[in-house]
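Let's take a walk through the enclosed spaces of this protein, beginning with the bound ligand and moving on from there. Have the model open as you read.

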Amino acid sequence: MDRRLFVRTLALPCFAARAADADARFTVEARFYEKQPHKKIKCKLCPRECVIDDRERGYCGARENRGGTYYSLVWARVCAAHVDPIEKKPLFHFLPGSTAFSVATAGCNVNCKFCQNWDISQVRPEQVSGTYIPPKDLAALTRRNDCRSIAYTYSEPVVFCEYVLDSAEAGRAAGVKSVVISGGYVQEEPLKQLCRRVDAIKIDLKGFSEKYFKEVVNGELKPVLNALAIIRKLGTWCEVVYLVVPSLNDSDEEFRSLARWIKTELGPDVPLHFSRFYPEYLLKNLPPTPLPTLERAKAICDAEGLHYVYIGNVPGHPAESTWCPKCRRAVVERAGFAVRAVHLDKGKCHFCQQAIPGIWEG
Ligand code: SF4
Ligand code: SF4
């Protein structure tokens with residue numbers, strides 16, 4: 001089902017905001033900013049640190065200065081919602097076979113040329129329809145749809161971070177987990193707060209050179225690496241995705257540097273997903289990633305000693321499954337987004353008792 005259709009039909013029409021009071025209900029004071037002279041503010045949510053005059057917005061378009069106070073305009077303003085397999089995020093070491101109630105609000109703090117969701121990430125909140133779903137209702141919807149977790153996804157959860165924090169808390173009280181799907185372009189303090197409240201974070205690392213980040217993402221690599229190191233240090237479950245774009249970020253050298261950095265800074269057990277690119281948005285001129293390129297990336301990272309290297313967006317490929325690094329048997333068998341079998345006993349390989357890191361129960 002199309003996710004906007006889902007919002008219209010299933011997501012409790014009674015939550016739909018009336019136009020007259022919609023803006024007030026969606027507007028909350030931002031949590032990460034500094035006041036400056038002359039009613040200016042400096043946003044401290046992401047590394048852009050936008051300095052914003054009164055009545056103006058930051059780069060992401062989702063936050064506005066009103067008289068020297070900074071506001072998020074997207075609290076509970078859900079523009080997309082859908083029930084997804086957790087494997088679609090992808091999170092492969094997190095409650096396999098479960099579903100996540102997945103939500104987004106409008107806006108993003110970068111502009112990836114390959115964005116699949118540019119119609120909600122690159123617009124202002126008022127340019128797409130929003131459904132009012134406050135945190136307790138989001139948690140209730142998650143349970144009603146038999147989902148084990150809320151996923152903050154599709155656009156960039158960093159720019160709707162106040163809603164994520166409040167919803168994760170409401171979710172926890174209602175017995176549902178929270179997972180964040182992010183580009184990781186975020187400052188340290190909001191990231192630490194996210195880590196304390198959510199159960200897993202998937203970071204789209206996108207590339208491994210500042211040049212690529214500048215030219216294709218309109219962001220920076222270094223803060224994303226810093227964010228990954230912080231997540232790992234704080235112990236929040238983390239998986240990394242690298243979208244392989246033909247001719248732009250697919251060299252042996254990039255794959256090798258990536259593997260070495262992950263092994264040294266995060267450890268060999270952090271799952272790494274090489275995802276196939278399909279032509280989208282501003283990169284329609286490029287072909288889909290050839291399968292041999294993805295297999296080359298995996299082979300390089302396997303050889304560098306990473307334990308869980310996956311290939312994504314290639315349904316039926318053996319590298320969709322989780323293989324025990326000790327006995328080499330499949331401990332989670334997948335086909336596309338479906339989980340065919342799980343051979344784990346309390347987080348250990350059923351065949352050789354090797355511990356497989358992840359959140360497998362609960
Ligand atoms: S979150 Fe938005 S307003 Fe804040 S610094 Fe980033 S782009 Fe600018
Ligand atoms: S970070 Fe995600 S939502 Fe934002 S532009 Fe990039 S791909 Fe799109």
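A good place to start in this predicted model is ligand 1, which is surrounded by Cys-43, Leu-45, Cys-46, Arg-48, Glu-49, Cys-50, Gly-58, Tyr-59, Cys-60, Tyr-70 and Asn-109. By residue type, that shell comprises 7 nonpolar, 2 polar and 2 charged residues. If you colour the shell by type, Arg-48 and Glu-49 are the charged pair, with both of them close enough to have a heavy atom within 4 Å of the ligand.

Where does ligand 1 sit? Its place is the largest cavity, which encloses about 100 Å³ of space. The lining of this largest cavity is made up of 14 residues, and those closest to its centre are Cys-43, Cys-46, Cys-60, Arg-63 and Asn-109. You have already met Cys-43, Cys-46, Cys-60 and Asn-109 in the shell around the ligand. Taken as a whole, the lining of the largest cavity has 9 nonpolar, 2 polar and 3 charged residues.

Now step back: the structure contains 3 cavities of 30 Å³ or more. The second largest of them holds about 40 Å³. Around the second largest cavity you will find Val-158, Val-180, Ser-182, Gly-184, Val-186, Leu-191, Leu-194, Ile-201 and Ile-203. Two or more lining residues come from each of the elements β12 (177–182), α6 (188–197) and β13 (200–204). The lining of the second largest cavity counts 7 nonpolar and 2 polar residues, with no charged ones, whereas 3 charged residues belong to the lining of the largest cavity.

Terms used. Residues numbered from 1 in each chain as written. Chains lettered and ligands numbered in written order. Predicted model: local features only at pLDDT ≥ 70, side-chain atom pairs only at ≥ 80, totals over all residues. Heavy atoms only, no water. 1 Å grid on protein atoms, 1.4 Å probe; cavity = no way out; pocket = protein on both sides within 12 Å on 5 of 7 lines; lining within 4 Å. Points joined across faces, edges and corners; volume = space filled by probe spheres on them. Helix = DSSP H or I, 4+ residues; strand = E, 2+ residues; numbered from the N terminus. Sits in = over half its atoms within 2 Å of the grid points.
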